[in-house]
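Here are a few notes to go with the model as you open it for the first time. Have a look around, then come back to the points below.

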Amino acid sequence: MFWLSVAGGIFLIWLVFVFLFTPGINYRLAQRTSIHSPDFLYTLQSTCQAALHHGNHVTVFTNGVAFYPAMLQAISEATRSINMELYIFQPGKIANQFVAELSAKARQGVTVTIVVDALGSLSLWGRPVSRLRKAGCRIESYQRVRWYSLARLNNRTHREMLIIDGKVAFIGGAGIADWWVYPSLKRLRWHKPWRDTMARIEGPVVAALQGVAAENWVECCGEILTGPDYFPTLQPAGDTTAFVVKSSPSDRATASRVTFQMLMEAADHSVHISTPYFLPDRALRRALVEAACRGVAITVIVPGRKTDQQWVRLASRRMWGQLLEAGIRIFEYRATMTHAKVLVADERWSVLGTTNIDNRSFEHNDEVNVAMLDRRVAARLLEDYVRDVADSREVTLERWRRRPAWEKIVGPFVWILERQQ
């Protein structure tokens, strides 16, 4: 019994060290190239091992009042298959609408396949899942806590995606929860619905997104999705060139991190970042500072006081001095919690999806993004960005230096979040 306890203690210590102290990768470009260079697209595509798809159409939706009706409408029009993968599927008014619509389509003979994260959507299990399964929906939980998978406990699926008939996809930062569309009461104060962005995508790149959805369904139950119900022949639908950037912690050097690093370092004129959790590691901070010193105008929008993760905000703010000194502009969004995850480089390249600028997204989670080469899409995303800046307060270097004394004291003690959040 004694030796069993010792072995258990050693295992727990090992687990803590693996989770908290795995050293970061020192990402950097072997040779800087420009976004506008003829070889950049080929290099990015090859490095991320992603197929490039031409002829896509992208529609951007701002906030839940716009994207939830569009998603429900698309579900109602499904005739063959519906695939969903979600980190957050939270019981409530919005969830009830989706459960009702998904159940109705399943009863009509549409194959409904859903993967939800075991921890992020823990509260869904019970009556909502029973309703879905009773109607014929197939729903599985990703990474349930089991004795043989404790070493992968930190790996969650953070993907938020919906694919209809293998032809239409929705992707972005939002899951299914009331806080994206209804005011919420926190600390005896009412807060506006969260700010977020989703996109509806049609065209050949949808097949790649369907493949991402199929990936974790295989892991959950072993079934490989095949056939025209899931992978129909897709025709060009627009002018957007795009490829899917999926990442998983099976490889520590994830494609999403490579994509973000390359776009930031290759930008010649501007980088616009919107992220709810901004914890760039040393290598990414160095890349941002070097880009700013080259004259690239870098702007970052993050949550202000109205955030769902106060400790993350503290951990983020402690590292801003170096960035502000280099001329990087940081804005704290004041209207509500901002959860939009957008990167726009040189008003040409856009990345939209689920990846945050933090190590959890880059190393621990399953994530999915779409990288798009289209000035029209970039301009549409920047319209929202300009409005968000107007609803934000800029944090100048002087203001950052005058932050409260308690924050300066507490900040160094939350450094661990830089590797885990």
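1. A good place to start is Gln 210. With a relative accessibility of 0%, Gln 210 counts as buried, because buried here means under 20% relative accessible area. Keep in mind that this is a predicted model.

2. Where does Gln 210 sit in the chain? Look for helix H6, which covers residues 205-221 and includes Gln 210.

3. Now to its surroundings. If you skip the neighbours within four places in sequence, Gln 210 is in contact with Ser 81, Asn 83 and Ile 163, and also with Gly 166, Tyr 230 and Phe 231.

4. For contrast, try Arg 305. Its relative accessible area is 68%, so Arg 305 is classed as exposed, the cut-off for that being over 50%. You'll find Arg 305 in the loop that runs between strand E12 (297-303) and helix H9 (310-317).

5. Arg 305 also belongs to a positive surface patch, together with Arg 334, Arg 393 and Arg 399.

6. Stepping back to the whole chain: there are 421 residues, and 56% of them are buried. The secondary structure adds up to 15 helices and 17 strands.

7. Take the contacts in the protein chain with a separation of 6 or more: 83% of these are between residues 24 or more positions apart.

8. Last, the outside. The protein chain has an accessible surface of about 18500 Å², and carbon and sulfur atoms account for 57% of that surface.

How values were computed: Residues are numbered from 1 along each chain as its sequence is written. This is a predicted model: local features need pLDDT of at least 70, side-chain atom pairs count only at pLDDT 80 or more; totals for chains, interfaces and linings use all residues. Side-chain values use heavy atoms; hydrogens and water are left out. Patches are made of residues with over 30% relative accessible area and no salt bridge: like charges are joined within 9 Å, nonpolar side chains (Val, Leu, Ile, Met, Phe, Trp, Tyr) within 5 Å. Accessible areas come from the Shrake-Rupley method with a 1.4 Å probe; for residues, only the protein chains shown count as cover. A salt bridge is a side-chain nitrogen of Lys or Arg within 4 Å of a carboxyl oxygen of Asp or Glu. Lys and Arg count as positive and Asp and Glu as negative; His and the chain ends are not counted. The place of a charge is taken as NZ of Lys, CZ of Arg, CG of Asp or CD of Glu. Helices (H or I, at least four residues) and strands (E, at least two) are DSSP runs, numbered from the N terminus. Buried means under 20% relative accessible area, exposed over 50%, partly exposed in between (1.4 Å probe, protein chains only). Contact means heavy atoms within 4.5 Å.
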